Amino acid sequence: MDATILPEVTAVGVIIKAVLILAVISAIAGFGTYIERKVLAFMQRRLGPQHVGPYGLLQLAADGIKLFTKEDIIPQHANKIIFSVAPAITAATAFIALAAVPVFPDFTIPFVDVFVPSIASDVNVGILFVLGMMAAGLYGPLLAGMAQSNKWGIIGSARTAIQFLSYEVVTGLSLLAPIMMVGSLSFVDFNDYQSDGTWLVVYQPVAFVLFLIAGYAETNRTPFDLLEHEAEIVSGYVTEYSGMRWGMFFIGEYANMITIGVIASVVFLGGYNDWWIFAGWFMILAKIAFSFFFMLWVRAAWPHVRPDQLMWLCWKVLMPLAVINVVITGLVMMAG
Amino acid sequence: MYEFIAFYIFAISTTILFMITVMSKNVLYAMTSLAAGMVMISGFFFILGADFLGVVQLIVYVGAVMALYSFAMMFFDATKDIKEKHNNPTLVFLLGGLMALVFVIIFSAPIIGENIEASYPIVNGVGNAQAVGIVLFTKYLVPFEVAAIMLLVAMIAGIILAGKKMDISLTKTVIQKEPEDEILKESK
Amino acid sequence: MGLEKFKDRNVGTQNYIKLDLTHPPKDGWSKFKQVLSRAVQPELFVGLWVTLREMNNALFRGKMHTTQYPLEKLPISPRYRAIHDMLRLLESGHYRCIGCGLCEKICISNCISMDTRYDENQRKEVSEYTINFGRCIFCGYCAEVCPELAIVHGGRYENASEQRASFSLFEDMLTPIDNLNLQQEYQGFGAISPNADDNIKKTPLAY
């Protein structure tokens, strides 16, 4: 992709892109809940949501109406301001992280001739920006748990803090090896590096597996979803939340799932390059859809780990493996 | 134009947030505003085109340092106000005000004298991360390595402090007491 | 003949799978080996495969488990104790109840109340018979004690109603006279459900 061919990125284009990401991703995040319920139901030989609309497709609308019209309860001894702000932090950081991620391909709106870039804000440290924003997303659960004056909430947010802080290390270190190979932090460079058809997962299988594990831990997906583990800590940091505030946590979580899917697809699985007879936009959508499906699949198949196993796995297995992977990558690069 | 608006938004919000940090009696407010202020500071780096430093500010201060603070906060009741103890409020006010004045003078003097020069100006064609790397591994190599060793020492010390007596379970300690009864002693 | 034969409860030929109850590893190295063997063995992938296979079964082979309840209902066992039915004599169409009052007597939650009088033929006639379903615990004693098989448990288990009184009257429980040919005889306490053959499955250990 030559930079000179591309038309100029205007402020209007970026704003359109931002609105597009916000609208489409929150719709997809809502739709993701439907897909999750359907897929999990099929894997357990159930039917899943079925009665609202054809095949239950309008379940999303029903849920939305329910969430919006539910009573907004703020507990008596909670810190009201922080309690109200916390869900917004989760949702906002999830969407800000998507600003530096290529979500759809470039296109030009016909008639008005506005160029809409594939990345809303092409900072040349895209990967670090996304990781940093997901790190900042920690504050949503953390403040939510501390503000609600509920013991389950505070245990949940303590677990969030431990889990996020620990697994950020693994995410960073596992991404470091591909970053060293490509020599850039920009998603576009990652995509171009793999334009010859060899995906980075071929060179970096260990990093890919480590990134997936850490990504699942950071998005609070099943083998590691101890933050709101119903059997132990009622609902973790969302214990006292209801209605739309709870819904914002939910949307943030699903947007983060999509972000992890996008990073895995762009960094390890060949990005939005054309492959065989399929166009680039189809490939990236297919890859993101598969990584989303894989998260649901894993949820249906695998059991939880215990909190102590979670920490053990992070610090005694994954982190040393990631460091060794980085060292070996460096040695091979120096030799070659 | 955009930079102008963005700068003032970030400047005002940073000032207000750090004011809240200092003034508030509530731990939760202070912590939240400090973290939010750190995010706003990273905005300045982005305006100046130093993307890498901005992101590092986000990851290090917001993601790691502040998260550790807040983790420590969980041991307190964060919803209560703290009773502050001021023995001599005039002295505190005077010293604090003087310090602030000195800092303003120190930082505004070069601006007034108009002799600011960037010792490492942005080179076109060299990325942000590369520029930081070049400076870090040439001029500041020794401080960088010293800092690395210090962090390593701190890490090992932390592990040793935390890991002391880790092989003994705190919940399952079985203390073998000598039986006080004479008959029990004999039977043993 | 001793009792050993009867004490041996292992009838049949089950192939029990013995669980591998080895002791958990003690030292670090054997723990590490255990984790390694568990991670390298494809058990996780077996889990993934099983869920995918079940999804395939459900979607493309028609092995969906769900019963869509208000639209389709599972057959209930004849032993099921739902709302009572009062049966009629098939020959004359007269109700079977002879007004003996045993059900009222045996009812442990005191929910049956009945009143009888002599009619013009000096036969006992039930003048009033109600069951308070707010109190009834569906123990089934009334049906068990009835000498005429007049009161039995029917199959009406959807008990939602606007008021309790609406299904507690004798006339409501009585078989309608024009549906006399559809009247179900009580099959007795040992009866099995109509789909019992379908429900026979292998026990989990036999897999």
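Two residues are in contact if their C-beta atoms, placed from the backbone, lie within 7 Å. In this predicted model, residues 24 or more positions apart account for 78% of the contacts in chain A with a separation of 6 or more. Chain A is in contact with chain B and with chain C, and the points below take chain A as the centre of the description.

**Chain A: fold and dimensions**

- Chain A holds 12 helices and 2 strands, which follow one another along the sequence as α-α-α-β-β-α-α-α-α-α-α-α-α-α.
- The radius of gyration of chain A is 20 Å, close to the 20 Å from the globule rule for 336 residues, so chain A is as compact as a globular protein of that length.
- The C-alpha trace of chain A spans about 60 × 55 × 45 Å along its principal axes.
- Of the 336 residues in chain A, 47% are buried.

**Chain A: confidence**

- Chain A has a mean pLDDT of 81, with 91% of its residues at 70 or more.
- Within chain A, confidence is lowest in strand E1 (residues 107-109), where the mean is 66, and highest in helix H9 (residues 205-218), at 89.

**Nonpolar cores**

- The largest nonpolar core has 117 residues, and those touching the most other members are Val130(A), Leu143(A), Ala147(A), Ala255(A), Ile258(A) and Ala35(B).
- Helix H10 (residues 243-268) of chain A supplies the largest share of this core, 15 residues.
- Apart from its neighbours within four places in sequence, Ile258(A) is in contact with Ile25(A), Ile28(A), Ala29(A), Ile288(A) and Phe292(A).
- There is also a second, separate core of 15 residues, with Cys103(C), Cys107(C), Ile131(C) and Met173(C) among them.
- Helix H4 (residues 126-136) of chain A is mostly covered, with 11 of its 11 residues buried.
- The buried residues of H4(A) include Phe129(A), Val130(A), Leu131(A), Met133(A) and Met134(A), and Val130(A) is also one of the core residues that touch the most other members.

**Where chain B meets chain A**

- In this interface, 22 residues of chain B are in contact with 25 residues of chain A.
- On the chain B side, the elements giving two or more residues are helix H2 (27-47), helix H3 (51-73) and helix H5 (128-138) of chain B.
- H3(B) gives the most to that side, with 12 residues.
- By residue class, the side of chain B that touches chain A divides into 15 nonpolar, 6 polar and 1 charged.

**Where chain C meets chain A**

- Here 14 residues of chain C are in contact with 10 residues of chain A.
- The chain C side of this interface consists of 7 nonpolar, 5 polar and 2 charged residues.
- One of the chain A residues to examine is Arg46(A), which lies in the loop between helix H1 (11-43) and helix H2 (59-69) of chain A.
- Leaving aside its neighbours within four places in sequence, Arg46(A) is in contact with Ala41(A), and with His65(C) and Thr66(C) across the chain boundary.
- Arg46(A) counts as partly exposed because it has 15 C-beta neighbours inside 10 Å, where a buried residue would need 20 or more and an exposed one 12 or fewer.
- Arg46(A) and Thr219(A) are 173 residues apart along the chain, and 26 Å separate their C-alpha atoms.

**Domains of chain C**

- Chain C is split into domain 1 (28-65) and domain 2 (84-182).
- The centres of domain 1 and domain 2 of chain C, taken over C-alpha atoms, are 56 Å apart.

Notes. Residues numbered from 1 in each chain as written. Chains lettered and ligands numbered in written order. Predicted model: local features only at pLDDT ≥ 70, side-chain atom pairs only at ≥ 80, totals over all residues. Domains from an automatic or database assignment. Helix = DSSP H or I, 4+ residues; strand = E, 2+ residues; numbered from the N terminus. Nonpolar A, V, L, I, M, F, W, Y, C, P; charged D, E, K, R; others polar. pLDDT = per-residue confidence, 0-100. Rg over C-alpha atoms; globule rule 2.2 N^0.38 Å. Core = buried A, V, L, I, M, F, W, Y, C linked by C-beta atoms within 7 Å.
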